[in-house]
Amino acid sequence: MLKKAQVKSAEEHAAKQKSAYNGAEEPTFPLKLGGGKGANRLTELEHECSEVTHPKLGGEAYSLVVSMPEEVEDMSAVDVEVSALKVEVEVTGTKLALNLAWPKEVDADAAKAKFSKKKRTLTILAPLK
């Protein structure tokens with residue numbers, strides 16, 4: 001059973017998420033580069049997000065693994081922004097991106113990203129607050 005403080009925290013988080021995404025119904029969605037019809041629409045990067053226990057990050061964290069296209073050889077070709085409520089990943093010079101709302105609030109300052117050349121994946125570890 002949730003304690004009163006936990007319920008308040010969950011309600012606050014839900015309110016923050018709703019505010020941050022202007023009421024978007026889906027937690028993950030393609031972005032648009034601007035006004036116009038489908039030509040400017042970005043394609044969502046393939047990804048998998050799971051909750052993991054990570055002792056180096058202090059306990060529970062989200063592990064987000066994003067598949068990268070062949071032309072991405074290192075992190076310099078990828079823009080990553082992590083906030084407490086969402087993560088954005090964009091491949092420079094392409095129309096590939098990801099905008100994902102975290103299911104729970106994370107500690108953005110402690111988040112870490114690692115690129116694997118062999119697997120062509122970007123892994124972001126974000127500890128829960």
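Here is a short chat between a trainee and a mentor about the predicted model above.

Mentor: Some ground rules: residues are numbered from 1 along each chain as its sequence is written, and side-chain values use heavy atoms, with hydrogens and water left out. As this is a predicted model, local features need pLDDT of at least 70 and side-chain atom pairs count only at pLDDT 80 or more, while totals for chains, interfaces and linings use all residues.

Trainee: Okay, how many helices and strands are there in the protein?

Mentor: Helices (H or I, at least four residues) and strands (E, at least two) are DSSP runs, numbered from the N terminus. Going along from the N terminus, the elements read α-β-β-β-β-β-β-β-β. That makes 1 helix and 8 strands.

Trainee: In what order do the strands of the open sheet sit?

Mentor: Two strands pair if DSSP finds at least two bridges between them. Pairing in this open sheet of 4 strands is antiparallel. For one of the pairs, β3 (residues 59–67) and β8, there are 7 bridges. The order is β2-β3-β8-β7.

Trainee: Which strands stand at the edges of that sheet?

Mentor: Look for strands with a single partner strand, so that one side is left without a neighbour in the sheet. The two that fit are β2 (47–54) and β7 (112–116).

Trainee: Which residue in β8 is the bridge partner of valine 66?

Mentor: Strand β3 covers residues 59–67 and runs antiparallel to β8, and β8 spans residues 121–127. The partner of valine 66 in β8 is leucine 122.

Trainee: Is threonine 121 buried or exposed?

Mentor: Threonine 121 lies in strand β8. Contact means heavy atoms within 4.5 Å, and, leaving aside neighbours within four places in sequence, this threonine touches residues including Val66, Met68 and Phe115. Buried means under 20% relative accessible area, exposed over 50%, and partly exposed in between (1.4 Å probe, protein chains only). At 11% relative accessibility, threonine 121 counts as buried.

Trainee: What percentage of the 129 residues of the protein count as buried?

Mentor: Use that same under 20% cut-off for relative accessible area. Over the 129 residues, the share that counts as buried is 29%.

Trainee: Last one: which residue in β5 stands opposite valine 80?

Mentor: Strands β4 (residues 78–82) and β5 (residues 86–91) pair in the antiparallel sense over 5 bridges. A hairpin through 3 residues joins β4 to β5. Opposite valine 80, in β5, you'll find valine 89.
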